[in-house]
Amino acid sequence: MRGTAVVTGASAGLGRIYADRLARRGYDLLLVARRADRLAELATELEAQYPIRAEVLVADLGEARDLDRVATRLGEDEAITCLVNNAGTSTLGPLSGSKASDESAMINVNVTALTRLTVAVLERFRRLSSGTIVNVGSVLGFHSLPISAIYSGTKGYVTNFTRGLQEELAGTGIVVQLVAPAATATDIWDISGVPLSNLDPDTVMTAGDCVDASMAGLALGESVTLTSVEDIQLFSDYETARLKLLSASQTSRPASRYNLSKQGTA
Ligand SMILES: NC(=O)c1ccc[n+]([C@@H]2O[C@H](COP(=O)([O-])OP(=O)(O)OC[C@H]3O[C@@H](n4cnc5c(N)ncnc54)[C@H](OP(=O)(O)O)[C@@H]3O)[C@@H](O)[C@H]2O)c1
């Protein structure tokens with residue numbers, strides 16, 4: 001018995017594929033997003049294709065009341081064994097002139113909802129000493145562009161939130177995976193204001209390949225899955241440099257370059 005996997009943002013893109021791949025692996029599904037018609041269609045399709053049950057939970061995860069409702073359900077439903085925090089949104093562009101509604105949509109969905117839903121399942125997962133949490137971040141969680149300050153900021157949060165959670169849950173039996181895709185062919189690009197057709201097709205993965213890589217990373221026990229990075233040594237080097245930097249910061253003295261009086265500039 002696999003239990004139920006919750007997939008947020010299951011009405012399109014990566015979420016739709018996660019739902020399929022999890023159903024294929026025998027999970028019942030709880031499909032969350034705003035577009036009820038798409039979710040209902042997917043649930044019907046997956047129930048016809050696999051011996052599973054798929055339930056639809058229509059919610060706007062950017063709205064506090066809907067998020068409360070979903071979090072309560074996730075906290076109470078004993079069948080839930082897996083949470084895929086996939087729902088996300090993006091508006092790309094310079095900060096000057098950005099719309100408050102776009103800013104809050106990104107922060108509410110990418111950050112607040114992911115946090116709240118994770119916390120919602122955590123107590124029960126801890127009690128069971130098992131459960132799987134997949135947080136969909138982005139390579140832009142490690143990098144920022146002139147047009148991605150808020151989106152990268154939200155995905156940087158997903159990176160650090162997930163890494164911290166992995167530290168907190170080490171040895172508990174709960175599996176937490178950070179997935180960091182690069183450009184993938186989904187609607188998010190058109191939604192973001194940068195049409196997919198603007199990208200070099202050689203740099204864009206299909207949603208199917210991306211989710212299959214993510215699921216393979218999970219099966220391999222990876223804590224961080226960089227779906228499109230061939231040379232994984234690059235990530236090891238990045239981790240080594242990150243830890244060295246942290247270690248180098250653990251001192252009571254300001255770095256000597258900030259001793260302005262000695263340099264005669266004070
Ligand atoms: N595609 C890429 O290049 C790429 C790269 C790196 C990371 N990612 C990440 O991958 C994840 C999936 O994105 P995608 O590429 O599959 O985009 P997508 O095709 O636009 O799908 C986004 C999903 O999130 C849901 N969603 C958005 N706002 C929501 C809200 N307020 N409440 C509930 N659900 C909401 C959408 O459903 P409704 O509209 O029906 O609500 C949809 O199902 C995101 O976290 C994204 O940041 C994508």
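Here are some quick questions and answers on the cavity and nonpolar cores of this predicted model.

Residues are numbered from 1 along each chain as its sequence is written, and side-chain values use heavy atoms, with hydrogens and water left out. Since the model is predicted, local features need pLDDT of at least 70 and side-chain atom pairs count only at pLDDT 80 or more, while totals for chains, interfaces and linings use all residues.

Q: What is the volume of the largest cavity?
A: A cavity here is a set of points, on a 1 Å grid over the protein atoms alone, where a 1.4 Å probe fits but cannot get out. Points are joined across faces, edges and corners, and the volume is the space filled by probe spheres set on them. The structure holds one cavity of 30 Å³ or more, and the largest has a volume of about 40 Å³.

Q: Which helix gives the largest share of the lining of the largest cavity?
A: Lining residues have an atom within 4 Å of a point, and they include Thr8, Leu61, Asn85 and Leu117. Helices are DSSP runs (H or I, at least four residues), numbered from the N terminus. Four lining residues, the largest share, come from helix α4 (residues 100-128).

Q: How many residues of the largest nonpolar core come from α4?
A: Such a core joins buried (under 20% relative accessible area, 1.4 Å probe, protein chains only) Ala, Val, Leu, Ile, Met, Phe, Trp, Tyr and Cys residues through side-chain atoms within 4.5 Å. The largest one has 33 residues, with Leu61, Val70, Leu74 and Leu117 making the most contacts inside it. The largest share comes from α4, and that is eight residues.

Notes: 1 Å grid on protein atoms, 1.4 Å probe; cavity = no way out; pocket = protein on both sides within 12 Å on 5 of 7 lines; lining within 4 Å. Helix = DSSP H or I, 4+ residues; strand = E, 2+ residues; numbered from the N terminus. Buried < 20%, exposed > 50% of the residue type's maximum accessible area, 1.4 Å probe, protein only.
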